[in-house]
Amino acid sequence: MTALPASGREWHLVARPHGWPKAEDVALREVPVTEPGEGRILVRNKHFSVDPYMRGRMNDVKSYTPPFKLDHPMDGGAVGEVVASNADGFAVGDHVLHGLGWREYAQVSARYAVKVDASLAPLSAYLGVLGMPGLTAYAGLFEVASFKEGDAVFVSGAAGAVGSQVGQLARIKGASRVIGSAGSDDKVKLLVEEYGFDAAFNYKSGGSVKEQLKEAAPDGIDVYFDNVGGEHLEAAISSFNLHGRATICGMISLYNSTEAAPAPRNLAQVIGKRLRLQGMLVGDHQALQPQFVKDVAGWLASGELKYRETSVEGIDNGFDAFLGLLRGENTGKMIVTLN
């Protein structure tokens with residue numbers, strides 16, 4: 001066993017943001033690194049994830065997952081190398097996926113660590129295409145939205161980690177048309193030319209989302225995968241065919257709002273069109289994990305499924321990476337890579 005470092009750095013939440021998070025709301029602090037206790041392992045994180053849901057955890061409100069505690073390290077998905085072990089089944093040098101990100105070193109209960117194989121895919125892929133975002137896309141499309149061959153599918157935030165995978169899975173499984181929205185012309189080009197979307201549009205330019213969606217899907221849509229909310233959800237309701245289904249996965253357009261957003265103004269159409277709008281949390285769909293890994297690994301190996309990552313180097317830049325994610329500066333999964 002190599003000597004452990006005396007200390008490591010971790011990001012703490014020190015104030016509840018009002019609106020957009022600010023630098024004063026967080027602090028990068030140095031803390032002691034200690035030998036792992038009974039049944040625990042010490043992991044040197046190599047990559048950690050920043051995700052939109054983390055913005056909600058900065059608020060002190062009751063939700064599906066507890067808020068971050070003030071003056072404590074934030075957490076989230078991470079992958080790294082075991083540097084000390086006091087747990088059966090884990091050895092120094094093993095690579096593991098766990099939930100204590102936002103820090104250089106994590107002491108993890110072995111119950112909450114999963115070994116991953118760096119020979120099958122880059123370690124960072126276990127935070128994205130083969131990780132929580134990937135399972136979100138898989139479960140949200142196939143189980144929540146009840147996708148079937150021939151459906152026309154619209155995905156908002158389609159260049160992100162979840163959205164890009166949703167569109168490709170729909171294409172692989174025989175969608176009649178796949179449409180995506182994204183926040184730049186470069187991302188629109190990526191969706192069509194690399195990911196195989198039939199059409200895509202830049203929601204920040206070129207007119208209203210409603211009109212751009214109607215032009216991209218003249219025969220309407222059957223499935224909407226919502227990562228954005230707001231104007232996108234209203235546009236989807238307008239374009240839905242009878243018995244359309246929406247997976248409400250995220251509403252990133254509203255996460256930093258300081259006032260309640262108005263509901264879609266056309267909700268009455270839900271009745272006449274007999275629509276189904278269903279919220280989803282990926283934790284409800286863990287039973288799909290084995291089939292998800294099998295299917296996605298196969299599509300990656302065959303080249304049918306492609307993915308991108310945006311990697312920000314250094315723990316010092318972890319909070320800036322999170323803000324960049326909220327601004328839509330990432331293409332695919334946003335990852336913080338530690339030196």
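Is His243 buried, partly exposed or exposed? The answer is found by following this predicted model from the whole chain down to single residues.

The chain contains nine helices and 16 strands. With 339 residues, a compact globule would have a radius of gyration near 20 Å, and the value of 21 Å for the chain agrees with this. Along the principal axes, the C-alpha atoms occupy a box of roughly 65 × 45 × 35 Å. Of the 339 residues, 51% are buried. Among contacts with a separation of 6 or more, 68% join residues that stand 24 or more positions apart. The accessible surface amounts to about 15100 Å², and carbon and sulfur atoms contribute 52% of that area. As for charge, there are 33 positive and 39 negative side chains, and the centres of these two sets lie 4 Å apart.

Helix H4, which spans residues 185-193, shows how a helix can have two faces. Its buried residues are Lys187, Val188, Leu190 and Leu191. These residues lie on the same side of H4, because they cover an arc of only 160° around the axis. Strand E10 (177-182) and strand E11 (199-202) are included in what covers them. The face turned away from the buried side carries the exposed residues Asp185, Asp186 and Glu193.

A buried position can also be examined in a strand. Met334 belongs to strand E16, residues 333-337. Its relative accessible area is 4%; residues under 20% count as buried, and therefore Met334 is buried. Apart from neighbours within four places in sequence, Met334 is in contact with Ser49, Val50, Thr310, Val312, Ala321, Gly324 and Leu325. One of these, Gly324, is ten residues from Met334 along the chain, and the C-alpha atoms of the two are separated by 8.7 Å.

Finally, two residues deserve attention for their backbone angles. Most residues other than glycine have a negative phi. Ser146 is not a glycine, yet it has a positive phi of about 50°. Ser146 lies in the loop between helix H2 (132-144) and strand E9 (152-155), and with a relative accessible area of 30% it is partly exposed. His243 likewise is not a glycine and has a positive phi, of about 65°. His243 is placed in strand E13, residues 240-248. The opening question can now be answered: His243 has a relative accessible area of 46%, and it is therefore partly exposed.

How values were computed. Residues numbered from 1 in each chain as written. Predicted model: local features only at pLDDT ≥ 70, side-chain atom pairs only at ≥ 80, totals over all residues. Heavy atoms only, no water. Helix = DSSP H or I, 4+ residues; strand = E, 2+ residues; numbered from the N terminus. Rg over C-alpha atoms; globule rule 2.2 N^0.38 Å. Buried < 20%, exposed > 50% of the residue type's maximum accessible area, 1.4 Å probe, protein only. Contact = heavy atoms within 4.5 Å. Areas by Shrake-Rupley, 256 points an atom, 1.4 Å probe, with all protein chains shown as cover. Lys, Arg positive; Asp, Glu negative; His and termini not counted. Charge placed at Lys NZ, Arg CZ, Asp CG, Glu CD. Arc of directions from axis to C-beta.
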